[in-house]
Amino acid sequence: MDFVANLIANLGLLSLAAVSVFVVVVRFGLSTSSRRRQILTGLAYGVASALVISFPIQGPLGATFDTRAAPVLIASSLSGPLAGSIAAAIAAAARYELGGAFQIGGTLSPFLYLAAGLLFRRAMKDRPAGPLGFAGLALLGTIVVTPAFFIGQGWETGSEIVRRFWLFVLLGNLLGVVLLGLLVGLMRDFALQKRRSAAILETASDGIVTLDDDDRIVSANPAAARLFGLEEEAAAARPIDRFVKPASDAEKAEAGAGPASAVHRVVRADGAEIFAELSESTFDLEGIRRRTLILHDLTDLMRSRAEMHRLLDALGAQLQATARANETKNAFLANMSHELRTPLNAILGFSELIESRGAAAFAPEKLDDYIAGVRTSGEVLLRLVNDVMDITRIEKGESAFEIQPVDLQTLSADVVRSFRPLLTADQRLALTSDGRPAIAAADPAALMQCVNNLVSNALKHGPPDAAVELRTEATDAFVRLLVMDNGPGVPESVLERLGDPFVRGEEAMVRGIEGAGLGLAITRRLIEGQNGALWLGAGPEGGCLAILTLPKAEDDPG
């Protein structure tokens, strides 16, 4: 009965050792490189060995046996040399303290078990042992420790003990090593699984929240705490509806989701709001109902979507700009080929005619007409080249403006005076004012070119009895020049594009009015370069109305 009772006590103490090792593993982690863990584990196994030594099983001829092999073998094979050495040293000290006829052999036996455990560890190469593996470890340990029965004893005494007691030693070692090995393995696996689950929760990018029956937070992983703007511990016991609220259809649309989506608003601790997609599951834990919410932060998705829309808008604008540039190129080629061909044909025709007959063959007045035709055609070409150079210089940003106060009434009067000699008997050009001084902050030369272009267009495109009126107006911040005519006006389809390079009205092309469609384009860019604006539209009584708006000069007396 003492044999059975002491064996049960040994196995119970080994189970307690397994629990102690489990506590060490859970508290200090599973890293095999942790020196501190090995020391603590070795101490736990060593204490277990010392305890089981205090419950020896009596054998023949005064020999004793206990399950000290199990802690030393498991410590050295599973935890490493340092843990095994510490356990063996404690077990040896305890056995030496116990004394008896076999004191020396018993004291050396833990170190023999240590050697067997390290041999087994090297052979297994960190592979899991399992029940058969632990049985093999027990057998190896029992074989290795056999010489200890002969230390300090005669050959006959040692042989008799081995013959009568070795199988009991093997049985005890088998029970102890397999039991302790399996228990430690199960607890290590449990601890490892627990740490893996904790690592998944801690490193998950989505917020994971567990709720009780009252919808209060039981636990929240770091991602959820960051969503709520709290520390992990601070989220516990708070009602979930403090942070997670339903989103309206309009808010879901803002988040880029449909009305049926699971998008919710998340109100952070500081009051800021973000959107998150919510999924929910329910589980029972030992009869206690729990709900789990998974919150996927949509901030990055919304930012990416906004960036994508921005890029698409930029791409669309680039495509439109490319299309406009292509249209401009085609218009340039079409208009320039026509505008260049007409004056060049005239120049070549007059020149060939004079060259073939000689100047003496023509009456003086006829020759003067031919020379005037060449000069007129040359002037047309020069104006065309100047316009192309102007628009090119402006487009490249090479125009420098000298902004200064300019009296719009005086400048307009100069323009009217320069055009008067060119008017036919039926054409009229008038200048009016609202009576307020109109002093603009502008470049005089650039502004003069703009007004000249507008008046020239109004007269060219108007009827034979064209009537053009220039009117200056002033407000507290701006001055304006209105150029109104009684011409046919501009169709709505052309009006939107009027002012783009090489765009001309259909009426101008039908009537054969000279021009490349650059005057208004130059005018618009020159005015915008002076912080002004050009508006084109229909006049109050028909015809076309052009309005130049410029900032008022700071020293304007009005």
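Visitor: What covers the buried residues of α13?

Guide: The cover includes β9 (404-407), β10 (428-433), α14 (444-461), β12 (467-474) and β13 (478-485). Contact here means heavy atoms within 4.5 Å. This is a predicted model, where local features need pLDDT of at least 70, side-chain atom pairs count only at pLDDT 80 or more, and totals for chains, interfaces and linings use all residues. Residues are numbered from 1 along each chain as its sequence is written, and side-chain values use heavy atoms, with hydrogens and water left out.

Visitor: Which residues of α13 are buried?

Guide: L408, L411, S412, V415, V416 and F419. They span an arc of only 140 degrees around the axis, so they sit on the same side of α13. That arc is taken from the directions from the helix axis to the C-beta atoms.

Visitor: How do you know that the span of helix α13 agrees with what it should be?

Guide: The expected span is 1.5 Å times one less than the number of residues. For the 12 residues of α13 (residues 408-419) that gives 16 Å, and the end C-alpha atoms are 17 Å apart, which agrees. Helices are DSSP runs of H or I with at least four residues, strands are runs of E with at least two, and numbering starts from the N terminus.

Visitor: Why is D443 called buried?

Guide: Buried means under 20% relative accessible area, exposed over 50%, partly exposed in between (1.4 Å probe, protein chains only). D443 has 9%, so it counts as buried. You'll find D443 in the loop between β11 (439-442) and α14.
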